[in-house]
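Hello,

Here is the structure I promised to pass on to you. Have a look at it first, and then read on for what turned up in it.

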Amino acid sequence: MSKIILLDIDGVLTTNTTSNLYNGMKAAGLEPEEKVQFKLEAINQLNQLIEATHAKIVIISMWRRTMSNGRIKKMLCDAGFKYWNAIL
């Protein structure tokens, strides 16, 4: 049986400050991805979880409304996430 992780991003992989900044910039029509700061420990834990379980990830974040799946994957990989192919 396949394992699925329903993953939110705001406040889970990013700090609340970063999430607020991101949401404010998007509301103003700006491209905020350069300003998003991911929590390295959270990214590392997600890498370990995928490595141990081989789970697939479904992004349930509000980010899905403003960014493509490819953009989200790139941002996560740039932050140190190793398993971009696990994201559905």
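Let me start with I4, which lies in strand β1. Please keep in mind that this is a predicted model. I4 is partly exposed, with a relative accessible area of 47%. Together with L6, I60 and L88, I4 makes a nonpolar surface patch of about 410 Å².

The rest of β1 follows from there. The side chains of this strand alternate: I4 and L6 point to one face and are not buried, while I5 and L7 point to the other and are buried. That fits a general rule, since side chains in a regular strand alternate between the two faces of the sheet.

What does β1 pair with? Strand β1 (residues 4–7) runs parallel to β2, and four bridges join the two. Within this pairing, I5 stands opposite I57, and L7 has I59 as its bridge partner in β2. β2 has two faces as well: I57 and I59 are on the covered one, whereas K56 and V58 are on the uncovered one. So the two residues of β1 that are buried, I5 and L7, are matched with I57 and I59.

Now for a step back to the whole chain. You will find three helices and two strands in it, and their order along the sequence is β-α-α-β-α. Of the 88 residues, 36% are buried. Among the contacts with a separation of 6 or more, 71% are between residues 24 or more positions apart. The chain exposes about 5400 Å², and 55% of that comes from carbon and sulfur atoms.

Next, the helix I would look at most carefully is α3. Which residues of α3 are buried? In this helix (residues 69–78) they are N69, I72, K73, M75 and L76. They cover an arc of only 165° around the axis, which means that they sit on the same side of α3. Their packing partners are α2 (40–53) and β2 (56–59).

The face of α3 turned away from that buried side carries the exposed residues K74 and D78. Their relative accessible areas are 52% for K74 and 57% for D78; the cut-off for calling a residue exposed is over 50%. The side chains of these two residues meet in a salt bridge, at 2.7 Å from N to O. How many salt bridges does the structure hold? There is one. Why can K74 and D78 meet along the helix? They are four residues apart in α3, so about one helical turn separates them. In general, an α-helix has 3.6 residues a turn, so residues three or four places apart point the same way.

Two spots outside the helices and strands are also worth a visit. One is G80, found in the segment after α3. Just after that helix, G80 takes a positive phi of about 115°. G80 counts as partly exposed, at 31% relative accessibility. Leaving aside residues up to four places away in sequence, G80 touches I43 and N47. G80 and F38 are 42 residues apart in sequence, and their C-alpha atoms are 9.2 Å apart in space.

The other spot is H54, in the loop between α2 and β2. H54 is not a glycine, yet it has a positive phi, near 60°. Is H54 buried or exposed? With 65% relative accessibility, H54 counts as exposed. The C-alpha atom of H54 is separated by 8.4 Å from that of S2, although the two residues are 52 apart along the chain.

If you would like a route through the model, here is a short one:

- Begin at the parallel pair of β1 and β2, with its four bridges.
- Move to α3 and its buried residues, which pack against α2 and β2.
- Turn to the other face of α3 for K74 and D78.
- Finish with the positive phi of G80 and that of H54.

Do write back with any questions once you have had a look around.

Best wishes

Definitions and conventions. Residues are numbered from 1 along each chain as its sequence is written. This is a predicted model: local features need pLDDT of at least 70, side-chain atom pairs count only at pLDDT 80 or more; totals for chains, interfaces and linings use all residues. Side-chain values use heavy atoms; hydrogens and water are left out. Buried means under 20% relative accessible area, exposed over 50%, partly exposed in between (1.4 Å probe, protein chains only). Contact means heavy atoms within 4.5 Å. Accessible areas come from the Shrake-Rupley method with a 1.4 Å probe; for residues, only the protein chains shown count as cover. The arc is that of the directions from the helix axis to the C-beta atoms. Two strands pair if DSSP finds at least two bridges between them. Patches are made of residues with over 30% relative accessible area and no salt bridge: like charges are joined within 9 Å, nonpolar side chains (Val, Leu, Ile, Met, Phe, Trp, Tyr) within 5 Å. A salt bridge is a side-chain nitrogen of Lys or Arg within 4 Å of a carboxyl oxygen of Asp or Glu.
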